[in-house]
Amino acid sequence: MWRYFLVFYYLIALFVILLDQFTKWLIVNNMFFGESIPIIDNVLYITSHRNSGAAWGILQGQMWLFYVVTIIVIFAIMYYIHKAAKGKRLLGISLAFMLGGAIGNFIDRVFRKEVVDFIHTYIFGYNFPVFNIADSALVIGVVLLMIQMLLEERASKEKTYGENGPHHS
């Protein structure tokens, strides 16, 4: 049964990679750099953008650093999928999203020497940095991981203190 879950996790990662690369291909082949298409005025735009750095444009041009860090992260995620996700579906799914996101942006860095971004939002009036499907998958994976950690912490406390917690009423 465990092998089926492993396959499922890797299929999630593959889906993220394929969706990410397909959407980036659409942007590169159908939009000029800097071109922006409004989806919801003052909220959501499809904007053709490139980033040779990390989130918010930090570490511009440090590709060697991204290659090394991403390879380490990819192997670490795969290790945790195999070792820590057994019997923990939410953990496996969160790691699968992170794996797909990491590989999606890694492909861009290797073949384009920059990451294609295109989702441009204004959240509560803040001009949020342009991002892509891989970035979204990474965020979803981290949020799911945080939920997994909170659930494990809660289960640990319930096991130690019972359902009422350390304070009995």
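This short presentation describes the fold, the cores and some individual residues of one protein chain.

The structure is a predicted model, in which local features need pLDDT of at least 70 and side-chain atom pairs count only at pLDDT 80 or more, while totals for chains, interfaces and linings use all residues. Residues are numbered from 1 along each chain as its sequence is written, and side-chain values use heavy atoms, with hydrogens and water left out.

Let me begin with the overall architecture. The protein chain holds 4 helices and 4 strands. Both kinds of element are DSSP runs numbered from the N terminus: helices are H or I runs of at least four residues, and strands are E runs of at least two. Read from the N terminus, the order is α-β-β-α-α-β-β-α. Along the principal axes, the C-alpha atoms fill a box of roughly 60 × 40 × 30 Å.

The chain has 169 residues, and 35% of them count as buried. Here buried means under 20% relative accessible area, exposed means over 50%, and partly exposed lies in between, with a 1.4 Å probe and protein chains only. About 10800 Å² of the chain is exposed, and carbon and sulfur atoms supply 70% of that area. These areas come from the Shrake-Rupley method with a 1.4 Å probe, and for residues only the protein chains shown count as cover.

Two further values describe the whole chain. Of the contacts between residues at least 6 apart in sequence, 63% join residues at least 24 apart, where contact means heavy atoms within 4.5 Å. The chain carries 13 positive and 11 negative charges, and their mean positions are 12 Å apart. Lys and Arg count as positive, Asp and Glu as negative, and His and the chain ends are not counted. Each charge is placed at NZ of Lys, CZ of Arg, CG of Asp or CD of Glu.

I turn now to the interior. Which residues have the most contacts inside the largest nonpolar core? They are Trp-2, Tyr-9, Ile-77, Ile-81, Ala-85, Leu-95 and Leu-99, in a core of 15 residues. Such a core is a set of buried Ala, Val, Leu, Ile, Met, Phe, Trp, Tyr and Cys residues joined through side-chain atoms within 4.5 Å. Helix H1 (2–30), helix H2 (63–83) and helix H3 (89–111) are the elements that give two or more residues to this core. H3 gives the most, with 6 residues. Ile-81 illustrates the packing: beyond its neighbours within four places in sequence, its contacts are Trp-2, Leu-6, Tyr-9, Tyr-10, Lys-86, Leu-95, Ala-96 and Leu-99. A second, separate core has 7 residues, including Met-31, Phe-118, Ile-119 and Ile-133.

Next, two of the helices. The expected span of a helix is 1.5 Å times one less than its number of residues. The 23 residues of H3 should therefore span 33 Å, and the end C-alpha atoms of H3 are indeed 33 Å apart. For helix H4 (residues 133–161), with 29 residues, the expected span is 42 Å, and its end C-alpha atoms are 42 Å apart, in agreement. Ile-133, Ala-134, Ala-137, Gly-141, Leu-144 and Gln-148 are the buried residues of H4. Their cover includes H1, H3 and S3.

Two loop residues deserve attention for their backbone angles. Most residues other than glycine have a negative phi. Lys-113, however, has a positive phi near 65° and is not a glycine. Lys-113 sits in the loop between H3 and strand S3 (115–123). Phe-124, also not a glycine, has a positive phi of about 50°. Phe-124 lies in the loop between S3 and strand S4 (126–127), and it is exposed, with a relative accessible area of 86%.

Strand S2 (residues 44–51) contains Asn-51. Is Asn-51 buried or exposed? Asn-51 is buried, because its relative accessible area is 10%. His-49 is also found in strand S2, and at 30% relative accessibility His-49 counts as partly exposed. Not counting residues up to four places away in sequence, His-49 touches Phe-33, Val-115, Val-116, Asp-117 and Val-130. His-49 and His-120 are 71 residues apart in sequence, with their C-alpha atoms 9.2 Å apart in space.

Finally, Ala-84 is placed in the loop between H2 and H3. Ala-84 is partly exposed, at a relative accessible area of 24%. Leaving aside its neighbours within four places in sequence, Ala-84 is in contact with Tyr-79 and Leu-91.
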